Each structure stands twice: as C-alpha cells, then as structure tokens.
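Please open the model in your viewer and keep the sequence panel beside it. The tour below moves from one selection to the next and says what is to be found at each stop.

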Amino acid sequence: MKGEISYYKILGVDENASNHELRKAFCKLSIELHPDTTSLEIDDAKSKFQEVLEAYENLNNSNLRKIYDDKLKEKSRSKDNNKVLNNLIIDSNNQNLIGNRRPFSNGELFSLFLLFIIISISLICSIFIASFTGKELDTIPYWLVK
C-alpha cells in the first residue's frame, strides 16, 4: 500500500467488491491509464498504471487480499502503526506464503510440452543422421593394421 490511498480507492471499488467487479474496474482503468493509449505524460501514466496494476494484483489474490484487509483493519484500530504492506514482504505469521508462485497456465504448460517434444525429436534426428553419415563402427583400428 503506497501512501494513504488504499487499493480499493485506487481501483474505485467497494471493500466488499467481488473479483468480477475488481476485474471490470481494472480493465476500465488500464485502458484509460495505459501509457500507449492515454494523453497523460508518459512518466505520470506509467506510475499511475503501475499503482493500478499493483492494486489489482494484491486484491485479486485471495491470500494477499485477506492480509491486506487485516492490515487495513489493524491500521484503522491503531494510528501509530506505520508498517507498509508490500506484495514481496510478508509478515512472520504467514511464512507459508513466501516464495509461492502462481501455477502455470494451460498455454504455458502446452508451450513447455512442445519445447520438450521439439528437443527430443531434434536429439533423435541428430543421432539418426550421425549414425548414417559417420564412419563404420566395426572398422579395424589403424594401429592394428601393419
């Protein structure tokens, strides 16, 4: 959470918004603020677009959203709490979340499968070609011929 503006205010949604509402708000703001499609200065557009992207990524993930909501509640209870929630730094109560990555999508899995197949076929073809273009394997060694 950067500064005093919450992720909900950045996206312009209610704190009880569903994932569908979050996605709609993100799509609308990303079209408006994307550096390629906006009339704002490039640096200003990039920083605003990155804020919207960070807000969406943190609120769309249910684990990070729960942590963020807990931090907001804790911050509202005690004003002297100045800890900043970052999507890379997670408190000691949630050690199991450190290092978790999103699962591969179907497209990424298919790409890895194709890569494996292509490498395997290339290896088999290179062995096949080398066996037919190479020297005979049952030749007599040169040092034995006198």
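Does Cys27 count as buried, partly exposed or exposed, and at what relative accessibility? Select Cys27 and show its surface: at 29% relative accessibility, this residue counts as partly exposed, and you should keep in mind throughout that the model is predicted. Move next to Cys125, which also counts as partly exposed, with a relative accessibility of 40%. A search for disulfides over the whole structure finds 0.

**The whole chain**

Now switch to a cartoon view of the protein chain, which has 5 helices and 0 strands, so that the order of elements from the N terminus on reads α-α-α-α-α. Of its 146 residues, 23% count as buried. With the surface turned on, the chain exposes about 12,000 Å², and carbon and sulfur atoms supply 59% of that area. If you look at contacts between residues at least 6 apart in sequence, 53% of them join residues at least 24 apart.

**The nonpolar core**

Select Leu11, Val13, Leu22, Val52 and Leu59, which touch the most other members of the largest nonpolar core, a set of 17 residues. Colouring by helix shows where the core comes from, since helix 1, helix 2 (19-33), helix 3 (42-60) and helix 4 each supply at least two residues, while the largest share, 5 residues, is that of helix 2. As a general background to this view, nonpolar side chains in soluble globular proteins tend to be buried together.

Stay with Leu59 and display its neighbours: leaving aside residues up to four places away in sequence, Leu59 touches Tyr7, Tyr8, Leu11, Asn19, Leu22, Arg65 and Tyr68. From Leu59 you can also draw a distance to Ser18, for the C-alpha atoms of these two residues are separated by 9.7 Å although they are 41 residues apart along the chain. Ser18 belongs to the loop between helix 1 and helix 2, and at 35% relative accessibility it counts as partly exposed.

**A polar side chain in helix 3**

Select Asn58, which lies in helix 3. Asn58 counts as buried because its relative accessibility is 3%, under the 20% limit for that class. Its side chain reaches the backbone oxygen of Glu54 at a distance of 3.0 Å.

**The aromatic rings**

Show the side chains of the aromatic residues, among which the structure holds 4 pairs. Start with Tyr7 and Tyr68, whose ring centres are 4.6 Å apart and whose planes stand at 25 degrees, so this pair is stacked. The pair links distant parts of the chain, with Tyr7 in helix 1 (residues 7-11) and Tyr68 in helix 4 (residues 62-77), 61 residues apart. Both Tyr7 and Tyr68 are buried. Adding Tyr8 to the selection completes a cluster, in which ring pairs link Tyr7, Tyr8 and Tyr68.

For the last stop, go to helix 5 (residues 106-133) and select Phe128 and Phe132, which are 4 residues apart and therefore separated by about one helical turn. How are their two rings arranged, stacked or edge-to-face? The centres lie 4.7 Å apart and the planes stand at 75 degrees, so the pair is edge-to-face. Phe132 itself is exposed, having a relative accessible area of 63%.

Note on methods. Residues numbered from 1 in each chain as written. Predicted model: local features only at pLDDT ≥ 70, side-chain atom pairs only at ≥ 80, totals over all residues. Heavy atoms only, no water. Phe/Tyr/Trp six-rings, centres within 6.5 Å; stacked < 30°, edge-to-face > 60°. Buried < 20%, exposed > 50% of the residue type's maximum accessible area, 1.4 Å probe, protein only. Contact = heavy atoms within 4.5 Å. Areas by Shrake-Rupley, 256 points an atom, 1.4 Å probe, with all protein chains shown as cover. Core = buried A, V, L, I, M, F, W, Y, C linked by side-chain atoms within 4.5 Å. Polar contact = N/O pair within 3.5 Å; in protein donor to acceptor, adjacent residues only side chain to side chain. Disulfide = S-S within 2.5 Å.
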